[in-house]
Amino acid sequence: MKNIMAGLQQTNSEKILLSWVRQSTRNYPQVNVINFTTSWSDGLALNALIHSHRPDLFDWNSVVCQQSATQRLEHAFNIAKHQLGIEKLLDPEDVATTYPDKKSILMYITSLFQVLPQQVSIEAIQEVEMLPRSSKVTREEHFELHHQMHYSQQITVSLAQGYERTSSSPKPRFKSYAYTQAAYVTTSDPSRSPFPSQHLEASEEKSFGSSLMETEVNLDSYQTALEEVLSWLLSAEDTLQAQGEISNDVEEVKEQFHTHEGYMMDLTSHQGRVGSVLQLGSQLIGAGKLSEDEETEVQEQMNLLNSRWECLRVASMEKQSNLHKVLMDLQNQKLKELNDWLTKTEERTRKMEKEPLGPDLEDLKRQVQQHKVLQEDLEQEQVRVNSLTHMVVVVDESSGDHATAALEEQLKVLGDRWANICRWTEDRWVLLQDILLKWQRFTEEQCLFSAWLSEKEDAMNKVQTTGFKDQNEMLSSLQKMAVLKTDLEKKKQTMNKLSSLHQDLLSTLKNKSVTQKMEAWMENFAQRWENLVQKLEKSSAQ
């Protein structure tokens, strides 16, 4: 790895590994590896990586057709163990999750990297540098931009929705926050318990509390549970603080958004513990076995816990809302930049199309260079299109698919426009290369023929036709003219070839001024040819 990093002047081994994976799997349309977490969940990436280097080991289509991610992962791990000698370090169930453990995946892929061919190109690294960061995708909508040469790209909208599909019914991801708000906000009415037990609805949230209730409720068990929850709460507050300021780079904000989404999930999973401690405290007070001081202390502890939990809950939801707003603003800005670039480039291509090709070879070469600049601009803009490959849109259950309808339409329009520009650029490049080649061949033949014609005209002018001293001089002149006549007969084929090249070029070029200029050249050649033939015949007869 160090040798490869030194050769490519890179310092990030993870980037090298991701570049190697993407380079190896680029011919597998079902695979798009952008991280070392979610990209591996379905098992396709792992199989594609092995198959790309060892296609003799198994049939790719049979893997694609397998029903479940677990089956595909099991297949890859078995092949790696028996054929490549890599121990089965992971279980399929470890990877076939919503968010697999990154370090475990890195460890396993590094093991594959060690035994498989390790070529990594600088282009693959540059492509990785433009990729969106790690992304937890719940549901994806694909908008394909037409596959147009090397400019093809897919735009995918990742919807971080309020629920995720499980094997049973939809499980609300952020459902518990609604209960939190209802259950833990302190009420001013002393006759009502501020911590009703009804809020613990979800079975997973009951487990912590029910294990406590099974034993006799006493102050020690309450204090132990309280200390554990407060310790976790302190850690959660520090984690939120450590997230830092929201970046102004769209890819970094995506990463921050997904990191915070994981943090919110962690809050949700611990909410039941907070509720259990508060419920336990309420039961202690209700049992009436505490002294007045102990009861006051427990009440203050509960108020403190409730207050800190509520502050953390509000702060984390506010952070999530801010992240989403910044992310949407940055993504919309990227869309606007792409839209502006497309408008500007469409105008540029219209002007290029209106300009006639030529009227001479140097002008055509200038137009070819101008077209190369456009191609380079498209290559650079491809980076912006790549950055839009994973757009994150947060929707709730009420808005559903309608929330993304406008964005889907906008992306489709942008995708069509991008594809049209790419197609036009490729088609025009083929046309320009064709015309340039034909024009260069015609010019080359034209120069050679013109030089040959001038040489023969000079030779004819030097032939003596009168004032001979003797018969030998006259015979010498006749001999020279006979040679010239033979040369003309041989060259007639070249004259026909030049005429054919001229017609071929004009039919491709379709430029009136060029047609007129070339017609004049061809007419001049024909006239000079005719004059030479006539002079030769006249002198021979004389």
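The exercises below concern a predicted model, and each is followed by a worked solution.

**Exercise 1. Overall make-up**

State how many helices and strands the protein has, and what share of its residues is buried.

Solution. The protein has 17 helices and 5 strands. Of its 542 residues, 43% are buried. Among contacts with a separation of 6 or more, 75% join residues 24 or more positions apart. The exposed area is about 29,100 Å², with carbon and sulfur atoms supplying 49% of it.

**Exercise 2. The largest nonpolar core**

Identify the residues with the most contacts inside the largest nonpolar core, and the elements that give two or more residues to it.

Solution. This core has 42 residues, and those with the most contacts inside it are Trp20, Trp40, Leu46, Ile50, Ile109 and Leu112. The elements giving two or more residues to it are α1 (2-7), α2 (13-25), α3 (44-53), α4 (60-64), α5 (69-84), α7 (102-115) and α8 (122-129). Apart from it lies another core of 30 residues, which includes Leu432, Trp452, Leu509 and Met522.

Next, take Leu112. Neighbours within four places in sequence aside, Leu112 contacts Trp20, Leu46, Leu49, Ile50, Ala80, Leu84 and Ile86.

**Exercise 3. A nonpolar patch on the surface**

Decide whether Leu478 is buried, partly exposed or exposed, and name the patch residues.

Solution. Leu478 lies in helix α16, residues 471-509. Its relative accessibility is 36%, so Leu478 counts as partly exposed. With Met474 and Leu475, Leu478 forms a nonpolar surface patch of about 240 Å² accessible area together.

**Exercise 4. Salt bridges within helices**

Compare the placement of the pairs Glu347–Arg350 and Asp363–Arg366.

Solution. Glu347 and Arg350 both belong to helix α13 (residues 292-354) and are 3 residues apart, about one turn of the helix. Their side chains meet in a salt bridge at 2.9 Å, N to O. Glu347 is partly exposed because its relative accessibility is 36%, and Arg350 is partly exposed at 45%.

Asp363 and Arg366 are also 3 residues apart, about one turn, in helix α14 (residues 361-387). Their salt bridge is 3.9 Å, N to O. Asp363 is partly exposed at 22% relative accessibility, as is Arg366 at 40%.

**Exercise 5. A bridge with a buried partner**

Which partner of the Lys456–Glu455 salt bridge is buried, and which is partly exposed?

Solution. The closest N and O atoms of Lys456 and Glu455 are 3.8 Å apart. Buried means under 20% relative accessible area. Lys456 is at 10% relative accessibility, so Lys456 counts as buried. Glu455, with a relative accessible area of 49%, is partly exposed.

Technical notes. Residues are numbered from 1 along each chain as its sequence is written. This is a predicted model: local features need pLDDT of at least 70, side-chain atom pairs count only at pLDDT 80 or more; totals for chains, interfaces and linings use all residues. Side-chain values use heavy atoms; hydrogens and water are left out. A nonpolar core is a set of buried Ala, Val, Leu, Ile, Met, Phe, Trp, Tyr and Cys residues joined through side-chain atoms within 4.5 Å. Buried means under 20% relative accessible area, exposed over 50%, partly exposed in between (1.4 Å probe, protein chains only). Helices (H or I, at least four residues) and strands (E, at least two) are DSSP runs, numbered from the N terminus. Contact means heavy atoms within 4.5 Å. Patches are made of residues with over 30% relative accessible area and no salt bridge: like charges are joined within 9 Å, nonpolar side chains (Val, Leu, Ile, Met, Phe, Trp, Tyr) within 5 Å. Accessible areas come from the Shrake-Rupley method with a 1.4 Å probe; for residues, only the protein chains shown count as cover. A salt bridge is a side-chain nitrogen of Lys or Arg within 4 Å of a carboxyl oxygen of Asp or Glu.
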